[in-house]
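Q: Hi! Could you walk me through this structure?

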Amino acid sequence: KQHIEDSIKYAKRIQQAVVPTAEKAEEILPEHFILWRPRDIVSGDFWWMTEKDNRIVIAAADCTGHGVPGAFMSMLGVSFLNEIVNKKEITTANVILNQLRTSVKTTLDQTGEKGEAKDGMDIALLILDIENHKIQYAGAYNPLYMFKNNELIEIKADKNPIDRKSTRL
């Protein structure tokens, strides 16, 4: 039991290392807060942030599974987002989520057949274009709530894991 618990605690350190540090997040977006409280030692939830082409890309996701299985999914999500945004330099919200969806399905060999495991994630992805004062949003099951002109506005997400649409505001 102790060996397994020590191993999971080590995995927690790895999982925490792949998300941006508090200092990096502060550098990218000074006015923010992050609430990330894993239910288990490791988590199927993750947040992610980067800056690319004068845009800040932010994601919050809830992967299928809790504990170790969820943590595996979150590591895939972070890795794929790094590849899509930082390496391929894609900064369009719906395109990022479509590529993320394709990467997850391909990696997990998901064909969509009946009875097949439906591993994936619910995710909200926001791109802040500070220079042009615009945002892009794409979401899979996770809507965007925005407070504008003293009014709470909800931008609905697709009811499909890892999105197919984008809304510009």
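The chat below looks at how some helices pack.

Q: What kind of model is this, and how are residues numbered?
A: This is a predicted model, where local features need pLDDT of at least 70, side-chain atom pairs count only at pLDDT 80 or more, and totals for chains, interfaces and linings use all residues. Residues are numbered from 1 along each chain as its sequence is written, and side-chain values use heavy atoms, with hydrogens and water left out.

Q: Cool. How do H1 and H3 cross?
A: The axes of helix H1 (residues 2–18) and helix H3 (residues 67–87) cross at roughly 25° and come within 11 Å. Helices here are DSSP runs (H or I, at least four residues), numbered from the N terminus. Axes are lines fitted to C-alpha atoms over the stretch in contact, with angles from 0 to 180 degrees between N-to-C directions.

Q: So is that roughly parallel or oblique?
A: H1 is roughly parallel to H3, because angles under 35 degrees count as roughly parallel, over 145 as roughly antiparallel, 65 to 115 as roughly perpendicular and the rest as oblique.

Q: Which residues touch there?
A: Ile8, Ile14, Gln15 and Val18 of H1 meet Val68, Ala71, Ser74, Met75 and Val78 of H3; contact means heavy atoms within 4.5 Å.

Q: Switching topic: how do H3 and H4 pack?
A: H3 packs with helix H4 (residues 93–107) at an angle of about 130°, and their axes are 10 Å apart. That makes H3 oblique to H4.

Q: And which residues does H4 bring?
A: H4 gives Ile96, Gln99, Leu100, Ser103, Val104 and Thr107 to the contact. On the H3 side, the residues include Phe80 and Leu81.

Key:
Helix = DSSP H or I, 4+ residues; strand = E, 2+ residues; numbered from the N terminus.
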